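Hi everyone, and thanks for making time for this. Let me put the structure up, and then we can walk through it together.

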Amino acid sequence: MMISDIGKTIVQAVANSENYISSEDLSKICNVSINTIRKEIDMVNVFLQDHGCAIETKMASGYYLTMKDPKQGQIFLQQLLKDIRQFRYMNYAEYSSAYIILMKLLTSSGYTTIETLMECLYCSKSTVFRTLDQTTLILDQFHLTLKNRRNSGLYLEGSEWSKRLCLIFLHKVFIHENPELTRRGIFASYFLNQTDFPQRIKTVVLRFFA
């Protein structure tokens with residue numbers, strides 16, 4: 001049995017949490033309802049039970065990870081988390097809105113307001129806040145922190161090197177998800193824009209290579 005993408009996110013969030021993590025927090029991270037979280041955890045535990053670990057619940061506190069067989073569980077969990085991290089953030093369909101927010105933050109010369117993000121994503125404030133949780137998951141991989149300054153807006157805290165690495169990552173995701181558009185853009189930049197051909201010829205050539 002394999003676990004779903006939501007299940008993988010839950011395992012990663014619970015395993016990386018130093019304290020108990022609530023259903024509400026997992027709901028925000030996964031961008032699904034609390035009922036869905038509970039159903040997913042039941043399925044995750046069916047998967048984990050043969051590998052020496054499980055996600056337990058403590059009333060009024062939340063979820064935490066336990067090791068039924070510490071030796072087996074630690075080895076299995078370490079490999080599982082490695083596999084999840086390797087492919088997690090290349091899932092463009094699931095994280096597309098988070099990528100848009102991240103690009104906006106990385107390329108902004110100042111603060112970015114929630115209202116600006118609402119306009120970019122054409123969504124409500126609550127959706128932006130849920131998506132910011134996904135954005136934070138990506139930022140954590142690059143040692144960047146999302147900060148909110150009162151009466152100003154959001155900004156990223158971290159080294160310039162980390163920000164550039166994150167931009168490179170976003171660029172690779174874009175190329176992976178938009179190969180035809182990327183090839184067309186490269187062709188236009190490196191050939192057509194460097195010539196003095198009439199625009200009508202450029203248009204025909206671009207249409208042919210699109």
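H143 lies in the loop between α7 and β3. Helices and strands here are DSSP runs, with H or I over at least four residues for a helix and E over at least two for a strand, numbered from the N terminus. Please keep in mind that this is a predicted model, where local features need pLDDT of at least 70 and side-chain atom pairs count only at pLDDT 80 or more, while totals for chains, interfaces and linings use all residues. Residues are numbered from 1 along each chain as its sequence is written, and side-chain values use heavy atoms, leaving out hydrogens and water.

Back to H143. Is H143 buried or exposed? H143 is exposed, because its relative accessible area is 68%; the cut-offs are under 20% for buried, over 50% for exposed, and partly exposed in between, with a 1.4 Å probe and protein chains only. Its backbone is worth a look too: phi of H143 is positive, near 55 degrees, and this residue is not a glycine. As background, most residues other than glycine have a negative phi.

One residue that touches H143 is G158, which sits in the loop between β4 and α8 (160–177). Leaving out neighbours within four places in sequence, G158 is in contact with H143, L144 and K163, where contact means heavy atoms within 4.5 Å. G158 is partly exposed, because its relative accessible area is 37%. Between the C-alpha atoms of G158 and L146 there are 9.1 Å, with their positions 12 residues apart along the chain.

Now follow the chain into the strands. β3 (residues 145–149) and β4 (residues 153–157) run antiparallel and are joined by five bridges; two strands pair if DSSP finds at least two bridges between them. N148, for instance, has L154 in β4 as its bridge partner. The two strands form a hairpin with three residues between them, and N151 in the turn has a positive phi of about 70 degrees.

There is another hairpin to show you. Strands β1 (residues 53–58) and β2 (residues 62–67) are antiparallel, with six bridges joining them. Here I55 is partnered by L65 in β2. Three residues lie between these strands, and A60 in this hairpin takes a positive phi near 70 degrees.

Let's turn to helix α7 (residues 125–141), where we find L132. L132 is buried, because its relative accessible area is 8%. What does L132 touch, leaving aside neighbours within four places in sequence? The contacts of L132 are I101, I114, L117, L146 and L154, and that list includes L154, the partner of N148 we met in β4. L132 and I101 are 31 residues apart in sequence, yet their C-alpha atoms are 7.7 Å apart in space.

T131 is in helix α7 as well. T131 counts as buried, because its relative accessibility is 3%. Not counting residues up to four places away in sequence, T131 touches S97, A98 and I101.

Next, two helices that pack together. α2 and α3 (residues 34–48) have axes 9 Å apart and meet at an angle of about 95 degrees; the axes are lines fitted to C-alpha atoms over the stretch in contact, with angles from 0 to 180 degrees between N-to-C directions. So α2 and α3 are roughly perpendicular, a label for 65 to 115 degrees, while under 35 is roughly parallel, over 145 roughly antiparallel, and the rest oblique. On the α2 side the residues are S23, E24, L26, S27 and C30, and on the α3 side I34, I37, R38 and I41.

In the loop between these two helices is N31. N31 is not a glycine, but its phi is positive, about 60 degrees. N31 counts as partly exposed, because its relative accessibility is 34%.

Finally, S22 is in the loop between α1 (5–16) and α2 (23–30). S22 counts as buried, because its relative accessibility is 19%. Not counting residues up to four places away, S22 touches G62 and Y63.

To zoom out, the protein has 10 helices and four strands, and buried residues make up 34% of its 210 residues. Thanks for listening!
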